[in-house]
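Here are some worked exercises to try with the model open in your viewer. Have a go at each task before you read its solution.

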Amino acid sequence: QQPMTSRPAVQRWWRVHVKQAPLVWILDLNRKPILLGCLVAVFIGSVQAGSFWMDSRTQNLSYASMTNVGIGLVTALILAKCSLPCTAEMALIIGACLAIAGLQFASVVLSDDFAYRLRSHALAMSIWKPIPSVFGFPVFASLLFIGGTVVLDNLSLYLVEFYHGDPFQMRMSVSSLVYALGWMGVAIMQSGRLFGIFEFQRALAAEKALMESIIAMMCDAIVWLSEDGSMIVRTDRRFTMLVGRNVTGERMAVSLPEDERERVLDCLRGAKEAPALLPTMLMSAAGARIPVEMFVVGNRNVSKAEGSEGQAPAFLLGIRLASRQQGTEELSGVDMKEEHMTLLVEKQDKWAHAELPEDLQSAGLSLPETTFTGRIWKNMDVNCWLQGTPEERAVELRSSLQKVGALGQAEHWLIDQSELEIEPKQVLGAGSFGYVVGGWLHGSPIAVKVAKHQKDSSVSHLISIANEIRILRHVRHPCIVLFHGACVEPTGGEVLLVLERIRGPDLYDYVTEHSADAEIYKRFQLMLDVACALRYLHGQVPQIVHGDLKGSNVLVEAAIPRAKLLDFGLSRLLTKEAKPLGGSLAWMAPELLIPPRGKPQASADVF
């Protein structure tokens, strides 16, 4: 067990006392110089092989030089075309260099000229040991390489004495060792210097990432421009989706309307003195003008580190969509039957003139709001919904509604009818459940879901809205429609679902309209948004299964774009009592079509 316990101790000592940059960073820094060195070795080897071949006395030496050419070419090809693990790549470089050095010493041994042997040995002994310090090899790799050259030095001296009778000169062996120790010290210093550069670069990268993350929190996209402000060096993925195509390497003017280009250029000229904020416009790939606010930060001391297309990033632009964005215009109304419109207007008039029960009038404003909302729910006339319903079912429904009321009282999501300003003529959608109309809640635009209310109707729509409340009251995600609360009208027994208003078409209409290849980024982002929403729902405890995922149940905020999942009327919490899923026939998973249907599963949403 002694070697096993001592090995970690040696590793810890090495990491603490030997400071060196990561191998992957060193290889990335030196890959091109090493590749160039291999090509230089190929050129020198080719010239040397030609000179040896022209002299009949040294033709045997040309084979060693031609082998060096082959090793250099193979090494250069592997480094240029293959992706190797860092350790394997470092081993390849060391092995190739030692092989070329060994063949050079072999030409010394094979030569019959004493003067050539002496000069070539001295040259070979001196040119290989500086290699680790020149390319910044790690300390251990430098030790292996320089140790290998010392072995080759002494081996060639021994073979020359053995084949040619040259005296083995101890001073040359000692000189080789001293020379190796000196260059090993230089290699260690170079490794420490590279470690300092690496640490400085990492600190700069961390500072840059921190600055970009702060800007990203305030902005919707980020762009880097070249020193003259004319070329886009880099963009993040959000800017690509905003303009509808990848503009990296193109001129910034391409993404700006003609009447805005001079204003942006003037702003960039002054941004190196102080950061600037410029309201301007962007031009999308489809030619649409996108109003944005542009935060411009200029780098006063532009580094010469090259970015895309040989340009250095000098300006950082934070792009934030303006409050009035393209795609937020008023939506066109949905056709509605005249009798339904009349019924909806009558309800609105009835809500406006409804009188509260006497106990609520006498209570005044001294009672807490929770007590008020609790009494609203308590006085709700649910009997009008239960006409024709079997008694057992009616009791069950009353019990469920009472539980929902208790939750609303405890969680403060019940909304007073006086706080809502409903616009019955502004119909946002219609279906078998009822209608979705526009409205306002304390000045914020909302969508109000109103169930159909007819004497011969069943209570399924009321159950659906209650189920939506049950799910949405705990759901908070950027890609799921926001639940503001529910409103109860006591005399008519109405339940209104108050939701965030999404200004944009449904997913099917949006994708149909934006089906061009250049807008694939937008479609990919919408798919990612829906997947993130489902992952959030399936990650809850207990899991939430949407149960009716289809294009019409996903709305798109057109200006960003961002998908919003809605309509949780058929959703299920995966508890022991969860009932089988329903859904739209064309979008149901196969296991839901074949009886008997089992318990709901998240896989149905994924399908």
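**Exercise 1.** Work out which residues of β1 sit on each side of the strand, and whether they are buried or exposed.

*Solution.* Start with one face of this predicted model's β1: Ala221, Val223 and Leu225 are on that side. Ile222 and Trp224 take the other side, and every one of these residues is buried, so both faces are covered. Buried here means under 20% relative accessible area, exposed means over 50%, and partly exposed is in between (1.4 Å probe, protein chains only). With 5 of the 5 residues buried, β1 is largely enclosed by the rest of the structure.

A few ground rules before going on: residues count from 1 along each chain as its sequence is written, and side-chain values use heavy atoms, with hydrogens and water left out. Because the model is predicted, local features need pLDDT of at least 70 and side-chain atom pairs count only at pLDDT 80 or more, while totals for chains, interfaces and linings use all residues.

**Exercise 2.** Find the strands that pair with β1, and name a bridge partner in each.

*Solution.* Helices (H or I, at least four residues) and strands (E, at least two) are DSSP runs numbered from the N terminus, and two strands pair if DSSP finds at least two bridges between them.
- Step one: β1 and β5 are antiparallel, with 5 bridges; Val223 stands opposite Leu317 in β5.
- Step two: β1 also runs antiparallel to β2, joined by 3 bridges; Leu225 has Ile232 of β2 as its bridge partner.
- Step three: look at the hairpin of β1 and β2, with 6 residues between the strands, where Gly229 takes a positive phi near 75°.

**Exercise 3.** Put the whole sheet in order.

*Solution.* The 5 strands run β2-β1-β5-β4-β3 in an open sheet with antiparallel pairing. The edges are β2 (232-235) and β3 (276-283), each pairing on one side only. From one strand to the next, the twist averages 30°. Now zoom in on β5 (residues 315-321): 7 bridges tie it to β4 (residues 289-298). Val296 has Leu317 as its partner in β5, and Glu293 has Arg320 there. Since 6 of its 7 residues are buried, β5 is largely enclosed by the rest of the structure.

**Exercise 4.** Which strands does helix α10 lie across, and at what angle does it run to β3?

*Solution.* Helix α10 (residues 261-271) lies across β1 (221-225), β3, β4 and β5, and runs at about 150° to β3. That angle, on a scale from 0 to 180 degrees between N-to-C directions, uses axes fitted to C-alpha atoms, for helices over the stretch in contact. Contact means heavy atoms within 4.5 Å.

**Exercise 5.** Check the span of helix α7 (residues 139-164).

*Solution.* The expected span is 1.5 Å times one less than the number of residues. For the 26 residues of α7 that should give 38 Å, and the end C-alpha atoms are 37 Å apart, which agrees. Just after α7, Gly165 takes a positive phi of about 75°.

**Exercise 6.** Is Ser62 buried or exposed, and which residues does it touch?

*Solution.* Ser62 lies in helix α3 (residues 59-81). At 1% relative accessibility, Ser62 counts as buried. Leaving out residues up to four places away in sequence, Ser62 touches Ala49, Phe52 and Trp53.
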